[in-house]
Amino acid sequence: ADPASSDTGEAIIHADDHPGDWMTYGRTYSEQRYSPLDQINRSNVGNLKLAWYYDLDTNRGQEGTPLVVDGVMYATTNWSKMKALDAATGKLLWAYDPRVPGNIADKGCCDTVNRGAAYWNGKVYFGTFDGRLIALDAKTGKLVWSVNTIPTDAALGQQRSYTVDGAPRIAKGRVIIGNGGAEFGARGFVSAFDAETGKLDWRFFTVPNPENKPDNAASDSVLMNKAYQTWSPTGAWTKQGGGGTVWDSIVYDPVTDLVYLGVGNGSPWNYKFRSEGKGDNFFLGSIVAIKPETGEYVWHFQETPMDQWDYTSVQQIMTLDLPINGQMRHVIVHAPKNGFFYVLDAKTGEFLSGKNYVYVNWASGLDPKTGRPIYNPEALWTLNGKDWYGIPGDLGGHNFAAMAFSPRTGLVYIPAQQVPFLYSNQVGGFKAHPDSWNLGLDMNKVGILDKQDAKNAFIKDLKGWIIAWDPLKQQEAFRVDHKGPWNGGIVATGGDLLFQGLANGEFHAYDATNGNDLFSFAAQSGIIAPPVTYLANGKQYVAVEVGWGGIYPFFLGGLARTSGWTVNHSRVIAFSLDGNAKLPPQNDKGFLPVKPPAEFDQKRTDNGYFEFQTYCAACHGDNGEAGGVLPDLRWSGAIRHQDAFYNVVGRGALTAYGMDRFDSSMSPAQIEDIRQFLLKRANETYQREVDARKNAEGIPAQ
Ligand SMILES: O=C(O)c1cc(C(=O)O)c2c(n1)C(=O)C(=O)c1cc(C(=O)O)[nH]c1-2
Ligand SMILES: [Ca+2]
């Protein structure tokens with residue numbers, strides 16, 4: 001089929017009639033990420049070879065699902081760039097750079113990633129980190145239209161923050177796109193634009209208007225009549241926006257003719273501050289079903305009422321047909337951050353079953369009738385005022401890494417993880433600031449102390465797996481253990497294979513029936529993106545974006561190395577059975593330690609720690625240790641001189657590279673405190689870092 005000349009929607013619905021393409025984010029509207037292709041299968045996958053690689057011009061996290069239409073691959077990359085490649089050779093056909101301004105990087109929580117594009121009627125569509133939605137001619141890469149998806153008044157000055165990194169989805173000629181920002185301050189919404197003209201069709205807010213006024217949006221009636229009552233009329237949400245950002249999953253289901261939105265966490269996280277500890281806060285932590293033509297509300301199911309753990313429900317929404325009690329049901333299956341696996345009726349949202357797919361300590365289970373969590377009272381840290389070591393933590397039992405389903409095994413394969421988090425109330429009430437995360441947490445406590453006991457205890461709790469889950473029995477069939485958390489998404493194939501890239505820089509094929517490891521390739525850098533598989537000239541390829549990043553190495557910093565220490569070199573790589581490409585040798589030393597000046601002002605380092613954890617840690621790493629993506633500030637030349645450091649942090653000398661200026665949020669004295677803290681950390685850790693490198697040669701002393 002030539003999808004460009006036929007109706008694209010029909011071509012996506014009948015994806016299995018042209019299995020060589022990968023036309024939409026999850027391959028089909030069901031987002032099962034199952035490809036029937038079977039040229040590569042269990043008997044020959046051991047001979048899989050690198051067919052080609054294409055080096056990217058952004059060495060940061062790569063989370064994109066490339067699309068493949070008629071032998072052309074459309075890959076979005078970090079900094080919202082688009083590359084069109086010949087899917088058989090990796091040769092660049094055209095590239096488009098929307099020139100996202102560098103100072104925007106700190107307006108989003110989690111790296112300037114992009115998860116992918118949409119294809120429709122000869123055009124490709126993708127969002128940009130600064131909030132645009134762009135339509136390009138798929139043949140030439142020429143701009144067709146570009147719109148700002150964020151209304152000019154949405155940011156309320158700088159109180160709220162909006163970034164776009166999720167893939168748009170297209171239903172019935174409408175491009176639907178959401179955004180992120182709930183860690184800063186945001187009121188979540190999605191917008192639908194006409195695919196041909198870019199004209200705004202409708203908007204749906206996921207959280208009420210703070211004055212319970214109409215927004216002239218599709219959501220007005222349900223928010224005013226149903227959602228507003230689930231919030232306190234006062235509380236920090238009225239300024240911060242309440243959150244509920246739709247930053248990843250938006251799914252159109254042609255069977256029910258509904259669009260499902262995966263709605264995010266509360267803003268601020270702290271429920272006591274956000275909503276005075278009152279109400280369930282619709283539609284945080286929910287799946288909301290709306291009509292594609294109008295955005296009209298149809299149903300919702302709230303997975304995490306009273307969110308206070310960053311438990312987003314944005315994780316990939318998948319539809320399936322399952323025989324439940326002897327009757328075929330069309331269902332949604334969902335593995336959100338909160339650790340429970342849900343099966344819902346796709347037409348009505350009725351809760352059918354739910355079970356924890358990873359260890360959880362915040363709830364003892366779900367009410368079998370309603371699906372409402374049965375809370376552990378200790379976990380309600382904003383209500384009881386006590387610290388809470390939560391599992392899952394803020395990164396969830398499953399994050400953006402896409403899961404897959406194989407109709408041949410009946411199993412859902414979840415890239416699952418365990419990353420605990422210590423939740424602790426901000427001292428002295430909620431205090432917000434435009435240039436940092438505004439969570440209502442004590443930022444002095446979000447990190448792990450540099451004490452061997454504390455670190456060992458935390459590292460022991462870091463885990464990553466593929467969990468093969470039986471959605472009918474609601475139980476695990478088997479699991480594959482990984483070195484640590486933050487591994488890539490999964491594709492399942494008709495060759496009974498699962499493909500997955502790992503945080504440690506390996507790319508694997510596993511047997512879908514039992515998890516046996518059948519193929520491994522050293523891709524050099526951590527992989528967090530999901531693979532795709534397609535045909536070019538009749539031959540099957542498997543491709544994936546390589547590039548370590550996203551929030552895990554950004555925020556956890558040095559501790560993220562426990563998943564496997566790699567140096568980032570971002571690429572697209574593709575495999576075939578007869579490939580003969582080879583990756584060039586890799587510099588695997590990373591950012592080399594540089595012996596710091598011995599002098600620093602100990603008195604300033606405590607406040608420096610607090611400021612660093614508040615403003616810097618989310619990108620440059622907990623306690624001053626970077627995770628292998630952004631510069632490790634301990635070894636930065638800029639920390640050697642007060643002026644040099646102020647030029648970067650205060651005056652924006654490196655904004656073009658993604659480092660915003662902070663002189664409107666911090667005084668010169670605060671910035672100098674950070675420098676003193678970094679000098680201290682550099683001295684404390686220099687020798688340890690030298691020793692940690694197998695080959696210390698080449699590590700400069702000065
Ligand atoms: O609440 C939000 O608005 C929001 C946005 C994003 C994002 O846009 O990437 C993430 C999260 N939250 C989040 O909680 C999270 O764990 C996360 C991980 C990542 C990533 O790409 O590594 N993004 C996000
Ligand atoms: Ca979040």
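A polar contact here is a pair of N or O atoms within 3.5 Å. Keep that cut-off in mind for the first stops of this tour, which runs through a predicted model.

**Stop 1: ligand 1 and its polar contacts**

Select ligand 1 and show the side chain of R115. A polar atom of that side chain lies 3.0 Å from an oxygen atom of the ligand. Next add K337, where an N or O atom of the side chain is 2.6 Å from a ligand oxygen. Then add D310: its side chain has an N or O atom 3.2 Å from an oxygen of ligand 1. On its own, ligand 1 would expose 470 Å², and the protein buries 98% of that area.

**Stop 2: the shell around ligand 1**

Now widen the selection to the residues around ligand 1. There are 21 of them, and those that come nearest are E63, D165, G181, T245 and K337. Colour the shell by residue class to see 9 nonpolar, 6 polar and 6 charged residues. Switch on a surface to see where the ligand is placed: ligand 1 sits in the second largest pocket.

**Stop 3: the calcium ion**

Select ligand 2, the calcium ion. Which residues coordinate it? The donors are two OE entries from E183, OD1 of N265 and OD of D310, at 2.3 to 2.6 Å. Along the chain, these donors follow the spacing E-x81-N-x44-D. N265 and D310 link distant parts of the chain, being 45 residues apart. To find N265, go to the loop between β17 (258–262) and β18 (266–267). D310 is in the loop between β20 (297–302) and β21 (317–324). D310 was also a stop at ligand 1, through its side-chain contact at 3.2 Å.

**Stop 4: two cis peptide bonds**

Select S267 and P268, which are joined by a cis peptide bond with omega about -5°. P268 is in the loop between β18 and α4 (271–275). Then move to I391 and P392, where another cis peptide bond has omega of about -5°. This time the proline, P392, lies in the loop between β27 (388–390) and β28 (404–406).

**Stop 5: an unusual backbone angle**

Finish at S80, in the loop between β4 (72–77) and β5 (81–86). Check its phi: the angle is positive, about 55°, although S80 is not a glycine.

Definitions and conventions
Residues are numbered from 1 along each chain as its sequence is written. Chains are lettered from A and ligands numbered from 1 in the order in which they are written. This is a predicted model: local features need pLDDT of at least 70, side-chain atom pairs count only at pLDDT 80 or more; totals for chains, interfaces and linings use all residues. Side-chain values use heavy atoms; hydrogens and water are left out. A residue is near a molecule or strand if one of its heavy atoms lies within 4 Å of it. A polar contact is a pair of N or O atoms within 3.5 Å; within protein, one must be able to donate a hydrogen and the other to accept it, and residues adjacent in sequence count only if both atoms are side-chain atoms. Accessible areas come from the Shrake-Rupley method with a 1.4 Å probe; for residues, only the protein chains shown count as cover. On a 1 Å grid over the protein atoms alone, a cavity is a set of points where a 1.4 Å probe fits but cannot get out, and a pocket is an open set with protein on both sides within 12 Å along at least five of seven lines; lining residues have an atom within 4 Å of a point. A molecule sits in a cavity or pocket if more than half of its atoms lie within 2 Å of its grid points. Ala, Val, Leu, Ile, Met, Phe, Trp, Tyr, Cys and Pro count as nonpolar, Asp, Glu, Lys and Arg as charged, and the others, Gly among them, as polar. Donors are N, O and S atoms within 2.8 Å of the metal (3.2 Å for Na, K and Ca); water is not among the atoms, so sites may look incomplete. Helices (H or I, at least four residues) and strands (E, at least two) are DSSP runs, numbered from the N terminus.
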